[in-house]
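Work through the exercises below with the model open. Try each task before reading its solution.

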Amino acid sequence: MVGKTILLVDQNESSRVYLSADLRGKEYNILEAASGKEALISAWRDNPDLILFDPVFSDIQDIEFIQKLRQNARTKTTPQIAFSSDPAPARREACLSAGADEYIIKSPDALSELHQALGRIFDGDAISTDAPEPEPERIRDGLLIVFLSAKGGTGTSSLCANLAMNIKEHEPDARVVVADLILPIGSIGQIVGYEGKLNLVTVADLPSGQTNENYFLKNLPEPESWKFQLLAGSPDPQQGNDLKGNRIGEIVDVLRKTYDFIFLDLGRSLSRISLPLIQQADLIPLIVSTDLSTVELTKTVWEYLQVQGIDMHKMYPILNRAVGLDGLTKTEAEKIIGFSIKTTMPYMGGNFALANNLNQPITVKYPRDTASIVFKNTARDLIKAARQANAENH
Ligand SMILES: Nc1ncnc2c1ncn2[C@@H]1O[C@H](COP(=O)(O)OP(=O)(O)OP(=O)(O)O)[C@@H](O)[C@H]1O
Ligand SMILES: [Mg+2]
């Protein structure tokens with residue numbers, strides 16, 4: 001335990017001084033923070049071994065504080081102890097279910113309880129065989145957002161890249177990755193202007209031990225102005241044919257452990273490889289264009305997905321006016337497919353293709369266009385919907 005660093009968070013100075021003196025006496029290194037936001041910055045910057053906090057902050061809600069730590073890749077597994085003067089069972093429950101590991105009530109016995117908890121948590125590192133089963137990892141994995149369409153050319157790849165780019169607008173600290181799984185040839189690299197050699201096929205060729213969290217964080221490119229890291233797709237059909245398909249599930253698993261948001265572009269590929277990914281998804285944005293044939297095909301795809309056990313609450317249908325101003329209205333499309341559409345992307349004429357050709361996000365190239373507002377709002381709503389769907393799955 002000697003040498004472990006604890007981030008101690010308490011708005012009350014005397015309480016902080018008292019606790020830090022006690023813990024320093026036990027040879028812990030102590031970092032201190034007096035507010036929730038100061039604590040988040042220190043947690044992400046200084047990488048403490050444990051975060052001990054009084055869950056009362058004037059600048060952030062306690063539950064939000066816990067969740068922010070849990071959702072950020074740098075702190076998602078850092079042990080958290082809430083040290084609280086509130087004995088209410090509901091408060092305790094709320095903190096624990098948000099992700100705190102322990103909830104200790106400030107009382108005359110609290111210090112010895114705290115020392116025991118620290119012992120359990122830090123000794124658990126050493127004798128992990130006796131430790132209780134860890135929580136299933138999945139709960140703390142990043143949110144998997146899988147873009148699908150029933151037909152080509154509906155704007156799936158463009159919307160996937162542009163929505164991923166807008167996530168940072170709402171969650172500046174989030175780690176976001178986009179992986180292009182389209183075979184035999186991906187297009188997100190083209191949209192964002194990535195011309196490097198690293199792609200799904202080259203990554204799948206590496207031994208699995210090598211493609212760990214560190215590998216992705218260090219090596220995946222972050223194309224200028226896109227604000228996410230990209231695992232580009234197959235660059236040509238020849239390489240696409242050589243893809244080691246059996247490695248995909250494993251690669252996506254590592255991405256989920258590494259990033260807070262994992263956007264997958266599956267386009268219209270419903271296959272042996274893509275189905276398990278769709279089944280694992282937290283949210284499935286289904287891109288529908290306004291022409292009758294796409295809408296009818298979407299209905300067929302949706303019926304198929306239902307048979308495969310996909311729940312309605314995971315579906316996030318987006319109507320994209322990619323094909324011009326005529327076509328079906330939202331209500332007509334909803335009637336045919338049988339579910340309600342969450343967002344409609346306006347028709348942007350040639351501007352969309354131009355932004356893509358210049359490798360620029362829509363919100364950068366046309367910040368004042370209605371489409372930019374829709375992208376921003378939809379990104380925020382996606383985050384909310386994905387979290388909700390994820391919570392419902394557990
Ligand atoms: N809302 C829109 N307004 C105008 N044009 C659009 C819109 N959405 C998409 N487009 C046009 O459609 C083109 C195709 O989009 P994109 O490549 O993203 O579709 P896709 O569904 O991924 O196609 P593929 O089947 O080739 O993978 C874009 O380059 C753009 O020109
Ligand atoms: Mg595409």
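**Exercise 1: Two domains**

The centres of domain 1 and domain 2 lie 36 Å apart, taken over C-alpha atoms. This is a predicted model, where local features need pLDDT of at least 70, side-chain atom pairs count only at pLDDT 80 or more, and totals for chains, interfaces and linings use all residues. Residues are numbered from 1 along each chain as its sequence is written, ligands are numbered from 1 in the order in which they are written, and side-chain values use heavy atoms, with hydrogens and water left out.

Task: State the domain bounds and describe the contact between domain 1 and domain 2.

Step 1. Domain 1 covers 5–135 and domain 2 covers 139–393; such bounds come from an automatic or database domain assignment.
Step 2. Eleven residues of domain 1 and twelve residues of domain 2 make the contact (heavy atoms within 4.5 Å).
Step 3. About 930 Å² is buried between the two domains, 36% of it on carbon and sulfur atoms. Buried area is the accessible area (1.4 Å probe) that two parts lose on being put together, summed over both.

**Exercise 2: The ligand shell**

Task: Find which residues come nearest to ligand 1, then list polar contacts to its oxygen atoms.

Step 1. There are 17 residues around ligand 1 (a heavy atom within 4 Å); Gly153, Ser157, Ser158, Asn320 and Met348 come nearest.
Step 2. Look for N or O pairs within 3.5 Å. The side chain of Ser158 places an N or O atom 2.4 Å from a ligand 1 oxygen. For the side chain of Asn356, the distance is 3.0 Å. Thr154 uses a backbone N or O atom, also at 3.0 Å.
Step 3. Alone, ligand 1 exposes 640 Å², and the protein buries 76% of that (Shrake-Rupley method, 1.4 Å probe).

**Exercise 3: Backbone oddities**

Task: Locate the cis peptide bond and the positive phi at Asn47.

Step 1. The Leu183 to Pro184 bond is cis, with omega near 5 degrees.
Step 2. Asn47 is not a glycine, yet its phi is about 55 degrees.
Step 3. Compare: most residues other than glycine have a negative phi, and most peptide bonds are trans.

Conventions:
A polar contact is a pair of N or O atoms within 3.5 Å; within protein, one must be able to donate a hydrogen and the other to accept it, and residues adjacent in sequence count only if both atoms are side-chain atoms.
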